[in-house]
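Trainee: Could you take me through this structure and explain how each term is earned?

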Amino acid sequence: MENTGREKTLWTIALVLVLIFALIPVLWIISLSFKTPATITDQSFIPTEFSFENYESLFKGGISESPFIKPLINSLGIALITTFISIILASFAAYAIARLDFPGRSVMLAGALAIAMFPPISTVGPLFDMWRALGLYDTWPGLIIPYLTFSLPLAIYTLVAFFREIPWDLEKAAQVDGATPFQAFRKVIVPLAAPGMFTAAILVFIFAWNDFLFAISLTSSDASRTVPAALAFFTGDSTFTQPTGSIAAAAVIVTVPIIIFVLLFQRRIVAGLTSGAVKG
Amino acid sequence: MTDRARSERRLGWLLCAPAAIAMLAVTAYPIGYAFVLSLQRVDLRFPEESGFVGFDNYSAVLSSDLWWTDLFNTIFLSVISVSIELCLGMAIALVMHRAIFGRGVVRTSVLIPYGIVTVVAAFSWQFAFAPDTGFVNQLPLIADDKDWFGERFSAFSVIIMAEVWKTTPFMALLLLAGLTTIDDGLYSAAKVDGASAWQRFTRITLPLMKPAILVALLFRTLDAFRIFDTIFIMTGGAQDTQSVSILGYQQLISRLNLGLGSAVSVLIFLCVLVIAVIFVKGLGARQPESGRA
(Lines give C-alpha, C1' and ligand atoms only; values in the text may rest on other atoms or scores of the structure.)
Protein backbone atom coordinates (compact mmCIF):
# COMPACT_ATOMS: atom_id res chain seq x y z
CA MET A 1 0.00 0.00 0.00
CA GLU A 2 1.32 3.45 -0.90
CA ASN A 3 1.99 5.49 2.13
CA THR A 4 2.02 9.16 1.27
CA GLY A 5 2.08 11.84 3.92
CA ARG A 6 -1.53 12.83 3.26
CA GLU A 7 -2.73 9.29 3.60
CA LYS A 8 -0.94 9.01 6.91
CA THR A 9 -2.60 12.17 8.23
CA LEU A 10 -6.08 10.99 7.21
CA TRP A 11 -5.34 7.65 8.78
CA THR A 12 -4.28 9.24 12.05
CA ILE A 13 -7.41 11.42 12.14
CA ALA A 14 -9.61 8.35 11.56
CA LEU A 15 -7.86 6.45 14.35
CA VAL A 16 -8.23 9.35 16.77
CA LEU A 17 -11.94 9.66 15.94
CA VAL A 18 -12.53 5.96 16.55
CA LEU A 19 -10.68 6.15 19.86
CA ILE A 20 -12.63 9.24 20.97
CA PHE A 21 -15.97 7.63 20.10
CA ALA A 22 -15.00 4.52 22.04
CA LEU A 23 -13.90 6.52 25.06
CA ILE A 24 -16.63 9.19 25.34
CA PRO A 25 -19.14 7.27 27.49
CA VAL A 26 -16.35 6.06 29.77
CA LEU A 27 -14.80 9.50 30.26
CA TRP A 28 -18.25 11.03 30.70
CA ILE A 29 -19.34 8.64 33.44
CA ILE A 30 -15.98 9.12 35.21
CA SER A 31 -16.42 12.88 34.95
CA LEU A 32 -19.95 12.69 36.39
CA SER A 33 -18.78 10.51 39.26
CA PHE A 34 -16.36 13.21 40.45
CA LYS A 35 -18.81 16.10 40.23
CA THR A 36 -20.26 17.58 43.40
CA PRO A 37 -24.06 17.53 43.91
CA ALA A 38 -24.08 21.25 43.22
CA THR A 39 -22.33 20.94 39.86
CA ILE A 40 -23.71 17.61 38.63
CA THR A 41 -26.21 19.40 36.42
CA ASP A 42 -23.73 21.96 35.04
CA GLN A 43 -23.62 20.00 31.75
CA SER A 44 -19.87 20.48 31.36
CA PHE A 45 -17.89 17.50 30.08
CA ILE A 46 -15.05 18.12 32.55
CA PRO A 47 -15.93 18.60 36.24
CA THR A 48 -15.44 22.14 37.47
CA GLU A 49 -15.13 20.97 41.10
CA PHE A 50 -13.68 17.58 41.97
CA SER A 51 -14.95 15.58 44.93
CA PHE A 52 -15.11 12.00 46.15
CA GLU A 53 -18.51 12.58 47.72
CA ASN A 54 -20.32 10.21 45.35
CA TYR A 55 -17.92 7.39 46.12
CA GLU A 56 -18.15 8.02 49.87
CA SER A 57 -21.95 7.93 49.74
CA LEU A 58 -21.82 4.48 48.10
CA PHE A 59 -19.95 2.96 51.02
CA LYS A 60 -21.59 4.99 53.78
CA GLY A 61 -23.17 2.89 56.50
CA GLY A 62 -21.14 -0.26 55.90
CA ILE A 63 -22.52 -3.47 54.49
CA SER A 64 -25.91 -3.23 56.20
CA GLU A 65 -26.90 0.20 54.93
CA SER A 66 -24.83 0.84 51.84
CA PRO A 67 -26.87 0.34 48.68
CA PHE A 68 -23.79 -0.82 46.82
CA ILE A 69 -21.52 -3.12 48.89
CA LYS A 70 -23.86 -6.11 48.98
CA PRO A 71 -24.65 -5.99 45.23
CA LEU A 72 -20.93 -5.71 44.51
CA ILE A 73 -20.27 -8.84 46.59
CA ASN A 74 -23.19 -10.60 44.84
CA SER A 75 -21.90 -9.63 41.40
CA LEU A 76 -18.37 -10.81 42.14
CA GLY A 77 -19.45 -14.04 43.83
CA ILE A 78 -22.04 -15.00 41.24
CA ALA A 79 -19.79 -14.16 38.27
CA LEU A 80 -16.80 -16.04 39.74
CA ILE A 81 -18.77 -19.17 40.64
CA THR A 82 -20.47 -19.15 37.22
CA THR A 83 -17.09 -18.83 35.50
CA PHE A 84 -15.56 -21.65 37.55
CA ILE A 85 -18.36 -24.17 36.95
CA SER A 86 -18.89 -23.14 33.33
CA ILE A 87 -15.23 -23.62 32.42
CA ILE A 88 -15.06 -27.05 34.06
CA LEU A 89 -18.20 -28.33 32.30
CA ALA A 90 -17.24 -26.70 29.00
CA SER A 91 -13.71 -28.16 29.13
CA PHE A 92 -15.08 -31.67 29.46
CA ALA A 93 -17.46 -31.18 26.57
CA ALA A 94 -14.96 -29.32 24.38
CA TYR A 95 -12.34 -31.99 24.90
CA ALA A 96 -14.78 -34.68 23.87
CA ILE A 97 -15.87 -32.69 20.80
CA ALA A 98 -12.35 -31.78 19.72
CA ARG A 99 -10.73 -35.13 20.38
CA LEU A 100 -13.03 -38.09 20.72
CA ASP A 101 -14.93 -39.87 18.01
CA PHE A 102 -18.47 -40.48 19.15
CA PRO A 103 -21.92 -40.09 17.63
CA GLY A 104 -23.60 -36.95 18.91
CA ARG A 105 -20.63 -34.64 18.49
CA SER A 106 -22.30 -32.48 15.89
CA VAL A 107 -25.59 -32.60 17.78
CA MET A 108 -23.78 -31.20 20.81
CA LEU A 109 -22.23 -28.37 18.78
CA ALA A 110 -25.49 -27.58 17.01
CA GLY A 111 -27.32 -27.68 20.34
CA ALA A 112 -24.84 -25.27 21.92
CA LEU A 113 -25.30 -22.94 18.95
CA ALA A 114 -29.08 -23.11 19.31
CA ILE A 115 -28.78 -22.20 23.00
CA ALA A 116 -26.55 -19.25 22.10
CA MET A 117 -29.41 -17.91 19.97
CA PHE A 118 -32.13 -18.65 22.49
CA PRO A 119 -34.00 -15.52 23.69
CA PRO A 120 -33.51 -15.33 27.48
CA ILE A 121 -36.84 -13.51 27.96
CA SER A 122 -38.61 -16.72 26.92
CA THR A 123 -37.25 -18.51 29.99
CA VAL A 124 -37.74 -15.68 32.48
CA GLY A 125 -41.42 -16.38 33.22
CA PRO A 126 -41.11 -20.13 33.77
CA LEU A 127 -37.91 -19.68 35.79
CA PHE A 128 -39.62 -17.03 37.95
CA ASP A 129 -42.40 -19.50 38.69
CA MET A 130 -40.13 -22.53 39.12
CA TRP A 131 -37.59 -20.70 41.30
CA ARG A 132 -40.31 -19.51 43.68
CA ALA A 133 -41.58 -23.07 44.03
CA LEU A 134 -38.07 -24.47 44.53
CA GLY A 135 -36.91 -21.71 46.88
CA LEU A 136 -34.28 -20.51 44.40
CA TYR A 137 -35.91 -17.12 43.82
CA ASP A 138 -33.66 -14.29 45.03
CA THR A 139 -30.70 -16.59 45.77
CA TRP A 140 -27.22 -16.92 44.26
CA PRO A 141 -27.91 -20.32 42.66
CA GLY A 142 -31.06 -18.86 41.15
CA LEU A 143 -28.86 -16.62 39.00
CA ILE A 144 -25.85 -18.92 38.64
CA ILE A 145 -27.94 -21.66 36.96
CA PRO A 146 -29.29 -19.53 34.07
CA TYR A 147 -25.88 -17.85 33.65
CA LEU A 148 -24.30 -21.30 33.32
CA THR A 149 -26.78 -22.26 30.63
CA PHE A 150 -26.20 -19.17 28.54
CA SER A 151 -22.42 -19.01 29.03
CA LEU A 152 -21.74 -22.66 28.20
CA PRO A 153 -22.12 -22.28 24.40
CA LEU A 154 -19.64 -19.39 24.41
CA ALA A 155 -17.20 -21.39 26.54
CA ILE A 156 -17.60 -24.59 24.53
CA TYR A 157 -17.07 -22.91 21.15
CA THR A 158 -14.04 -20.98 22.38
CA LEU A 159 -12.49 -24.05 23.99
CA VAL A 160 -13.15 -26.36 21.04
CA ALA A 161 -11.30 -23.88 18.81
CA PHE A 162 -8.37 -23.72 21.23
CA PHE A 163 -8.29 -27.46 21.87
CA ARG A 164 -8.03 -28.18 18.15
CA GLU A 165 -4.73 -26.27 18.07
CA ILE A 166 -3.08 -28.32 20.80
CA PRO A 167 -0.33 -30.77 19.72
CA TRP A 168 -2.24 -33.94 20.48
CA ASP A 169 0.67 -36.27 19.71
CA LEU A 170 1.77 -35.62 23.24
CA GLU A 171 -1.45 -37.16 24.43
CA LYS A 172 -0.91 -40.22 22.24
CA ALA A 173 2.61 -40.51 23.64
CA ALA A 174 1.19 -40.49 27.15
CA GLN A 175 -1.34 -43.15 26.19
CA VAL A 176 1.40 -45.31 24.66
CA ASP A 177 3.18 -45.02 27.99
CA GLY A 178 0.12 -46.56 29.61
CA ALA A 179 -1.98 -43.57 30.64
CA THR A 180 -5.75 -43.90 30.36
CA PRO A 181 -7.58 -41.33 28.20
CA PHE A 182 -8.60 -39.52 31.37
CA GLN A 183 -5.05 -39.42 32.74
CA ALA A 184 -3.79 -38.19 29.40
CA PHE A 185 -6.39 -35.45 29.60
CA ARG A 186 -5.56 -34.39 33.12
CA LYS A 187 -1.77 -34.61 33.10
CA VAL A 188 -0.87 -33.61 29.56
CA ILE A 189 -3.66 -31.65 28.03
CA VAL A 190 -4.91 -29.52 30.91
CA PRO A 191 -1.58 -27.64 31.29
CA LEU A 192 -1.42 -27.09 27.53
CA ALA A 193 -5.03 -25.98 27.47
CA ALA A 194 -4.71 -23.50 30.32
CA PRO A 195 -4.31 -20.38 28.12
CA GLY A 196 -7.47 -21.22 26.16
CA MET A 197 -9.34 -21.91 29.37
CA PHE A 198 -8.19 -18.59 30.76
CA THR A 199 -9.50 -16.80 27.66
CA ALA A 200 -12.83 -18.59 27.87
CA ALA A 201 -12.99 -17.73 31.56
CA ILE A 202 -12.61 -14.01 30.80
CA LEU A 203 -15.42 -14.16 28.24
CA VAL A 204 -17.74 -16.04 30.60
CA PHE A 205 -16.97 -13.69 33.48
CA ILE A 206 -17.78 -10.66 31.36
CA PHE A 207 -21.02 -12.31 30.24
CA ALA A 208 -22.16 -13.00 33.82
CA TRP A 209 -20.99 -9.57 35.02
CA ASN A 210 -23.00 -7.89 32.25
CA ASP A 211 -26.37 -9.62 32.65
CA PHE A 212 -29.34 -7.46 33.54
CA LEU A 213 -32.52 -9.29 32.49
CA PHE A 214 -32.19 -12.30 34.81
CA ALA A 215 -30.75 -10.10 37.54
CA ILE A 216 -33.84 -7.91 37.75
CA SER A 217 -36.35 -10.70 37.10
CA LEU A 218 -35.14 -13.38 39.49
CA THR A 219 -34.11 -11.24 42.47
CA SER A 220 -36.06 -9.01 44.80
CA SER A 221 -33.56 -7.83 47.42
CA ASP A 222 -29.91 -7.25 48.20
CA ALA A 223 -29.66 -10.95 49.08
CA SER A 224 -28.73 -11.66 45.48
CA ARG A 225 -29.26 -8.51 43.43
CA THR A 226 -26.20 -7.83 41.30
CA VAL A 227 -24.76 -4.39 40.50
CA PRO A 228 -26.49 -3.82 37.11
CA ALA A 229 -29.86 -4.57 38.71
CA ALA A 230 -29.07 -2.55 41.84
CA LEU A 231 -28.15 0.46 39.68
CA ALA A 232 -31.64 0.47 38.19
CA PHE A 233 -33.12 0.70 41.70
CA PHE A 234 -30.76 3.34 43.13
CA THR A 235 -32.48 6.24 44.82
CA GLY A 236 -31.10 9.61 45.81
CA ASP A 237 -30.35 10.66 49.39
CA SER A 238 -33.76 12.31 49.54
CA THR A 239 -36.78 12.07 47.29
CA PHE A 240 -35.76 15.31 45.62
CA THR A 241 -32.18 14.43 44.69
CA GLN A 242 -31.41 12.43 41.59
CA PRO A 243 -29.10 9.45 42.15
CA THR A 244 -27.03 10.46 39.11
CA GLY A 245 -23.82 10.92 41.10
CA SER A 246 -24.08 7.61 42.96
CA ILE A 247 -24.98 5.72 39.78
CA ALA A 248 -21.97 7.24 38.04
CA ALA A 249 -19.60 6.37 40.89
CA ALA A 250 -20.92 2.80 41.11
CA ALA A 251 -20.68 2.49 37.33
CA VAL A 252 -17.03 3.54 37.42
CA ILE A 253 -16.22 1.00 40.14
CA VAL A 254 -17.71 -1.90 38.17
CA THR A 255 -16.38 -0.71 34.81
CA VAL A 256 -12.83 0.48 35.18
CA PRO A 257 -11.32 -2.75 36.60
CA ILE A 258 -12.94 -4.78 33.80
CA ILE A 259 -11.68 -2.38 31.12
CA ILE A 260 -8.13 -2.54 32.51
CA PHE A 261 -8.36 -6.31 32.60
CA VAL A 262 -9.74 -6.50 29.06
CA LEU A 263 -7.01 -4.22 27.75
CA LEU A 264 -4.27 -6.22 29.51
CA PHE A 265 -5.45 -9.41 27.85
CA GLN A 266 -6.69 -7.89 24.59
CA ARG A 267 -4.85 -10.25 22.26
CA ARG A 268 -6.27 -13.25 24.05
CA ILE A 269 -9.81 -11.87 24.01
CA VAL A 270 -9.69 -11.07 20.31
CA ALA A 271 -8.40 -14.58 19.64
CA GLY A 272 -11.14 -16.06 21.80
CA LEU A 273 -13.98 -14.07 20.28
CA THR A 274 -12.90 -14.75 16.71
CA SER A 275 -11.74 -18.37 16.95
CA GLY A 276 -15.04 -19.81 18.02
CA ALA A 277 -16.87 -18.05 15.23
CA VAL A 278 -15.04 -19.34 12.17
CA LYS A 279 -13.79 -22.74 13.10
CA GLY A 280 -16.76 -24.05 15.07
CA MET B 1 -16.50 -52.28 17.46
CA THR B 2 -13.32 -52.52 19.49
CA ASP B 3 -13.25 -52.06 23.26
CA ARG B 4 -11.22 -48.94 22.75
CA ALA B 5 -13.74 -47.35 20.38
CA ARG B 6 -16.53 -48.29 22.75
CA SER B 7 -14.81 -46.72 25.75
CA GLU B 8 -14.03 -43.63 23.70
CA ARG B 9 -17.67 -43.32 22.78
CA ARG B 10 -18.73 -43.74 26.40
CA LEU B 11 -16.17 -41.17 27.58
CA GLY B 12 -17.40 -38.72 24.94
CA TRP B 13 -20.97 -38.96 26.16
CA LEU B 14 -19.89 -38.81 29.78
CA LEU B 15 -17.88 -35.65 29.23
CA CYS B 16 -20.66 -33.92 27.31
CA ALA B 17 -23.50 -34.93 29.61
CA PRO B 18 -23.05 -32.32 32.39
CA ALA B 19 -22.87 -29.42 29.93
CA ALA B 20 -25.79 -30.79 27.91
CA ILE B 21 -27.95 -31.15 31.01
CA ALA B 22 -27.02 -27.68 32.26
CA MET B 23 -27.94 -26.18 28.90
CA LEU B 24 -31.22 -28.05 28.48
CA ALA B 25 -32.40 -27.59 32.07
CA VAL B 26 -32.81 -23.84 31.66
CA THR B 27 -33.94 -23.73 28.02
CA ALA B 28 -35.80 -26.79 26.76
CA TYR B 29 -37.73 -27.43 29.97
CA PRO B 30 -38.69 -23.78 30.61
CA ILE B 31 -39.80 -23.15 27.01
CA GLY B 32 -42.02 -26.22 27.29
CA TYR B 33 -43.30 -24.96 30.61
CA ALA B 34 -43.83 -21.49 29.10
CA PHE B 35 -46.00 -23.10 26.43
CA VAL B 36 -48.07 -24.89 29.10
CA LEU B 37 -48.43 -21.63 31.07
CA SER B 38 -49.41 -19.76 27.92
CA LEU B 39 -52.47 -22.00 27.51
CA GLN B 40 -53.75 -21.13 30.96
CA ARG B 41 -55.07 -18.18 32.80
CA VAL B 42 -52.35 -17.68 35.43
CA ASP B 43 -52.35 -14.30 37.10
CA LEU B 44 -50.51 -14.35 40.41
CA ARG B 45 -52.60 -11.42 41.62
CA PHE B 46 -55.79 -13.47 41.15
CA PRO B 47 -54.62 -17.04 41.86
CA GLU B 48 -58.14 -18.41 42.33
CA GLU B 49 -59.09 -17.61 38.73
CA SER B 50 -56.51 -19.96 37.16
CA GLY B 51 -57.54 -22.45 34.57
CA PHE B 52 -57.08 -23.80 31.06
CA VAL B 53 -58.04 -21.28 28.36
CA GLY B 54 -56.59 -22.79 25.19
CA PHE B 55 -55.20 -20.21 22.80
CA ASP B 56 -57.06 -17.26 24.36
CA ASN B 57 -53.82 -15.67 25.59
CA TYR B 58 -52.38 -15.80 22.08
CA SER B 59 -55.43 -14.20 20.53
CA ALA B 60 -55.34 -11.54 23.28
CA VAL B 61 -51.68 -10.76 22.50
CA LEU B 62 -52.02 -10.91 18.72
CA SER B 63 -55.10 -8.69 18.68
CA SER B 64 -53.51 -6.00 20.85
CA ASP B 65 -51.93 -2.95 19.27
CA LEU B 66 -49.19 -3.05 21.89
CA TRP B 67 -47.71 -6.31 20.62
CA TRP B 68 -47.59 -5.08 17.02
CA THR B 69 -46.13 -1.70 17.99
CA ASP B 70 -43.47 -3.41 20.09
CA LEU B 71 -42.71 -5.93 17.37
CA PHE B 72 -42.34 -3.09 14.89
CA ASN B 73 -40.03 -1.25 17.32
CA THR B 74 -37.91 -4.34 17.84
CA ILE B 75 -37.57 -5.07 14.12
CA PHE B 76 -36.94 -1.40 13.34
CA LEU B 77 -34.22 -1.10 15.99
CA SER B 78 -32.64 -4.41 14.94
CA VAL B 79 -32.54 -3.62 11.23
CA ILE B 80 -31.16 -0.10 11.64
CA SER B 81 -28.58 -0.89 14.28
CA VAL B 82 -27.36 -4.08 12.62
CA SER B 83 -27.00 -2.31 9.25
CA ILE B 84 -24.94 0.48 10.79
CA GLU B 85 -22.89 -2.07 12.72
CA LEU B 86 -22.20 -4.06 9.56
CA CYS B 87 -20.79 -1.00 7.73
CA LEU B 88 -18.81 0.28 10.71
CA GLY B 89 -17.70 -3.20 11.69
CA MET B 90 -16.50 -3.92 8.17
CA ALA B 91 -14.52 -0.68 8.10
CA ILE B 92 -12.93 -1.45 11.46
CA ALA B 93 -12.16 -5.04 10.45
CA LEU B 94 -10.47 -3.86 7.24
CA VAL B 95 -8.45 -1.34 9.23
CA MET B 96 -7.40 -3.97 11.79
CA HIS B 97 -6.47 -6.36 9.01
CA ARG B 98 -4.64 -4.00 6.68
CA ALA B 99 -3.35 -1.34 9.07
CA ILE B 100 0.31 -0.48 8.74
CA PHE B 101 0.23 1.34 12.01
CA GLY B 102 -2.32 1.97 14.72
CA ARG B 103 -3.66 -1.57 14.78
CA GLY B 104 -3.22 -1.63 18.55
CA VAL B 105 -5.15 1.63 18.94
CA VAL B 106 -8.09 0.22 16.99
CA ARG B 107 -8.06 -3.02 18.93
CA THR B 108 -8.01 -1.11 22.19
CA SER B 109 -10.87 1.17 21.17
CA VAL B 110 -12.86 -1.79 19.96
CA LEU B 111 -12.50 -3.68 23.23
CA ILE B 112 -13.50 -0.82 25.54
CA PRO B 113 -17.22 -1.03 24.65
CA TYR B 114 -17.04 -4.81 24.85
CA GLY B 115 -15.78 -4.66 28.43
CA ILE B 116 -18.47 -2.28 29.66
CA VAL B 117 -21.66 -3.46 31.29
CA THR B 118 -24.55 -2.63 28.93
CA VAL B 119 -26.50 -1.02 31.75
CA VAL B 120 -23.57 1.26 32.60
CA ALA B 121 -23.16 2.31 28.97
CA ALA B 122 -26.90 2.96 28.76
CA PHE B 123 -26.77 5.18 31.87
CA SER B 124 -23.76 7.05 30.51
CA TRP B 125 -25.45 7.81 27.19
CA GLN B 126 -28.70 8.66 28.95
CA PHE B 127 -26.96 11.16 31.26
CA ALA B 128 -25.09 12.56 28.25
CA PHE B 129 -28.34 13.25 26.37
CA ALA B 130 -30.49 14.22 29.36
CA PRO B 131 -31.51 17.89 29.09
CA ASP B 132 -30.62 18.60 32.74
CA THR B 133 -27.25 16.88 33.15
CA GLY B 134 -26.00 16.13 29.65
CA PHE B 135 -23.23 17.77 27.67
CA VAL B 136 -24.79 16.86 24.32
CA ASN B 137 -27.23 19.77 24.30
CA GLN B 138 -24.31 22.14 24.92
CA LEU B 139 -22.73 21.09 21.63
CA PRO B 140 -23.04 23.47 18.68
CA LEU B 141 -26.00 22.94 16.29
CA ILE B 142 -28.10 21.23 18.97
CA ALA B 143 -30.94 23.04 20.72
CA ASP B 144 -30.14 23.60 24.40
CA ASP B 145 -33.50 22.28 25.53
CA LYS B 146 -33.89 19.32 23.17
CA ASP B 147 -35.67 16.58 25.10
CA TRP B 148 -34.21 13.49 23.46
CA PHE B 149 -36.27 11.00 25.43
CA GLY B 150 -39.51 12.96 25.15
CA GLU B 151 -40.23 11.89 21.60
CA ARG B 152 -40.26 8.46 19.99
CA PHE B 153 -37.80 8.77 17.12
CA SER B 154 -35.24 10.94 18.90
CA ALA B 155 -35.30 8.39 21.73
CA PHE B 156 -34.80 5.66 19.12
CA SER B 157 -31.79 7.46 17.70
CA VAL B 158 -30.11 7.59 21.11
CA ILE B 159 -30.98 3.93 21.76
CA ILE B 160 -29.57 2.93 18.37
CA MET B 161 -26.39 4.89 18.99
CA ALA B 162 -25.85 3.20 22.35
CA GLU B 163 -26.46 -0.22 20.80
CA VAL B 164 -24.14 0.46 17.88
CA TRP B 165 -21.47 1.72 20.25
CA LYS B 166 -21.72 -1.36 22.45
CA THR B 167 -21.93 -4.11 19.85
CA THR B 168 -19.96 -2.97 16.79
CA PRO B 169 -16.79 -4.44 18.37
CA PHE B 170 -18.25 -7.92 18.30
CA MET B 171 -19.31 -7.49 14.67
CA ALA B 172 -15.84 -6.17 13.75
CA LEU B 173 -14.10 -9.11 15.40
CA LEU B 174 -16.31 -11.68 13.67
CA LEU B 175 -15.68 -10.01 10.30
CA LEU B 176 -11.95 -9.80 11.04
CA ALA B 177 -11.93 -13.55 11.56
CA GLY B 178 -13.48 -13.95 8.11
CA LEU B 179 -10.98 -11.55 6.54
CA THR B 180 -7.97 -13.46 7.82
CA THR B 181 -9.10 -16.57 5.94
CA ILE B 182 -8.77 -14.83 2.53
CA ASP B 183 -5.61 -15.68 0.62
CA ASP B 184 -3.46 -12.55 0.14
CA GLY B 185 -2.28 -13.88 -3.23
CA LEU B 186 -5.69 -13.11 -4.70
CA TYR B 187 -5.24 -9.41 -3.96
CA SER B 188 -1.77 -9.28 -5.48
CA ALA B 189 -3.04 -11.05 -8.59
CA ALA B 190 -5.98 -8.65 -8.90
CA LYS B 191 -3.66 -5.71 -8.41
CA VAL B 192 -1.39 -6.94 -11.18
CA ASP B 193 -4.45 -7.19 -13.41
CA GLY B 194 -5.20 -3.53 -12.65
CA ALA B 195 -8.17 -3.88 -10.29
CA SER B 196 -8.83 -0.80 -8.17
CA ALA B 197 -9.09 -0.99 -4.38
CA TRP B 198 -12.89 -0.78 -4.64
CA GLN B 199 -13.01 -3.55 -7.26
CA ARG B 200 -10.80 -5.72 -5.08
CA PHE B 201 -13.18 -5.13 -2.18
CA THR B 202 -16.40 -5.87 -4.10
CA ARG B 203 -15.06 -8.71 -6.30
CA ILE B 204 -12.79 -10.54 -3.84
CA THR B 205 -13.41 -9.53 -0.24
CA LEU B 206 -17.21 -9.43 -0.21
CA PRO B 207 -17.92 -12.68 -2.07
CA LEU B 208 -15.32 -14.64 -0.11
CA MET B 209 -16.56 -13.20 3.15
CA LYS B 210 -20.19 -14.01 2.50
CA PRO B 211 -20.31 -16.87 5.02
CA ALA B 212 -18.53 -14.79 7.68
CA ILE B 213 -20.86 -11.87 7.04
CA LEU B 214 -23.95 -14.07 7.28
CA VAL B 215 -22.73 -15.62 10.53
CA ALA B 216 -22.00 -12.19 11.99
CA LEU B 217 -25.40 -10.90 10.82
CA LEU B 218 -27.16 -13.93 12.27
CA PHE B 219 -25.57 -13.50 15.68
CA ARG B 220 -26.06 -9.76 15.81
CA THR B 221 -29.63 -9.82 14.46
CA LEU B 222 -30.75 -12.35 17.03
CA ASP B 223 -28.92 -10.43 19.73
CA ALA B 224 -30.45 -7.15 18.62
CA PHE B 225 -33.89 -8.75 18.57
CA ARG B 226 -33.52 -9.45 22.30
CA ILE B 227 -32.81 -5.77 23.08
CA PHE B 228 -33.80 -5.05 26.66
CA ASP B 229 -31.17 -3.42 28.89
CA THR B 230 -30.66 -0.19 26.94
CA ILE B 231 -34.39 0.53 26.51
CA PHE B 232 -35.17 -0.39 30.11
CA ILE B 233 -32.60 2.11 31.42
CA MET B 234 -33.13 4.90 28.90
CA THR B 235 -36.89 5.17 28.53
CA GLY B 236 -38.37 2.24 30.42
CA GLY B 237 -40.50 1.78 27.31
CA ALA B 238 -42.09 5.24 27.47
CA GLN B 239 -42.99 7.18 24.27
CA ASP B 240 -43.81 3.92 22.45
CA THR B 241 -40.20 2.76 22.54
CA GLN B 242 -40.89 -0.69 24.03
CA SER B 243 -39.31 -3.81 22.59
CA VAL B 244 -40.97 -7.21 22.72
CA SER B 245 -38.61 -8.28 25.52
CA ILE B 246 -39.72 -5.29 27.61
CA LEU B 247 -43.35 -6.24 26.94
CA GLY B 248 -42.66 -9.80 28.10
CA TYR B 249 -40.91 -8.55 31.23
CA GLN B 250 -43.77 -6.21 32.11
CA GLN B 251 -46.42 -8.90 31.74
CA LEU B 252 -44.41 -11.54 33.60
CA ILE B 253 -42.58 -9.71 36.35
CA SER B 254 -44.30 -6.34 36.81
CA ARG B 255 -47.89 -7.53 36.34
CA LEU B 256 -47.31 -11.15 37.40
CA ASN B 257 -49.57 -12.29 34.56
CA LEU B 258 -47.73 -15.50 33.77
CA GLY B 259 -50.29 -16.74 31.25
CA LEU B 260 -50.27 -13.69 29.00
CA GLY B 261 -46.55 -13.11 29.56
CA SER B 262 -45.76 -16.69 28.60
CA ALA B 263 -47.71 -16.29 25.38
CA VAL B 264 -45.49 -13.27 24.60
CA SER B 265 -42.41 -15.37 25.49
CA VAL B 266 -43.43 -18.19 23.19
CA LEU B 267 -44.15 -15.74 20.34
CA ILE B 268 -40.69 -14.15 20.80
CA PHE B 269 -39.16 -17.62 20.72
CA LEU B 270 -40.98 -18.36 17.44
CA CYS B 271 -39.76 -15.06 15.92
CA VAL B 272 -36.18 -15.92 16.83
CA LEU B 273 -36.64 -19.39 15.36
CA VAL B 274 -37.89 -17.92 12.08
CA ILE B 275 -34.96 -15.48 11.85
CA ALA B 276 -32.48 -18.27 12.61
CA VAL B 277 -33.98 -20.61 10.02
CA ILE B 278 -33.86 -17.92 7.33
CA PHE B 279 -30.17 -17.21 8.00
CA VAL B 280 -29.17 -20.84 8.31
CA LYS B 281 -30.92 -21.60 5.01
CA GLY B 282 -29.00 -18.71 3.40
CA LEU B 283 -25.78 -20.11 4.77
CA GLY B 284 -26.49 -23.74 4.05
CA ALA B 285 -27.49 -23.21 0.42
CA ARG B 286 -24.05 -22.03 -0.61
CA GLN B 287 -21.68 -23.47 1.94
CA PRO B 288 -22.95 -26.82 3.11
CA GLU B 289 -19.96 -27.49 5.38
CA SER B 290 -20.27 -24.23 7.27
CA GLY B 291 -23.98 -24.68 7.89
CA ARG B 292 -23.40 -25.57 11.51
CA ALA B 293 -20.52 -23.15 12.08
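What follows is a short conversation about domains, contacts and a bent helix.

Mentor: Please keep in mind that this is a predicted model, in which local features need pLDDT of at least 70, side-chain atom pairs count only at pLDDT 80 or more, and totals for chains, interfaces and linings use all residues. Residues are numbered from 1 along each chain as its sequence is written, while chains are lettered from A and ligands numbered from 1 in the order in which they are written.

Trainee: What makes helix H9 of chain B fall short of the span of a straight helix?

Mentor: Helices are DSSP runs of H or I with at least four residues, numbered from the N terminus, and H9 of chain B covers residues 197-225, which is 29 residues. The expected span is 1.5 Å times one less than the number of residues, so a straight helix would reach 42 Å, whereas the end C-alpha atoms of H9 are only 35 Å apart.

Trainee: Where does H9(B) bend?

Mentor: H9(B) bends by about 60° at B:Lys210 (the angle between axes fitted to the seven residues ending there and the seven starting there), and a proline, B:Pro211, follows within four residues.

Trainee: How do you know that chain A touches chain B?

Mentor: Two residues are in contact if their C-beta atoms, placed from the backbone, lie within 7 Å, and 82 residues of chain A meet that condition with 80 residues of chain B. On the chain A side, H1(A) gives the most, with 11 residues.

Trainee: How many residues link the two domains of chain A by contact?

Mentor: An automatic or database assignment sets the domain bounds, giving domain 1 (5-58) and domain 2 (62-279) in chain A. In chain A, 12 residues of domain 1 are in contact with 12 residues of domain 2.

Conventions. Helices (H or I, at least four residues) and strands (E, at least two) are DSSP runs, numbered from the N terminus.
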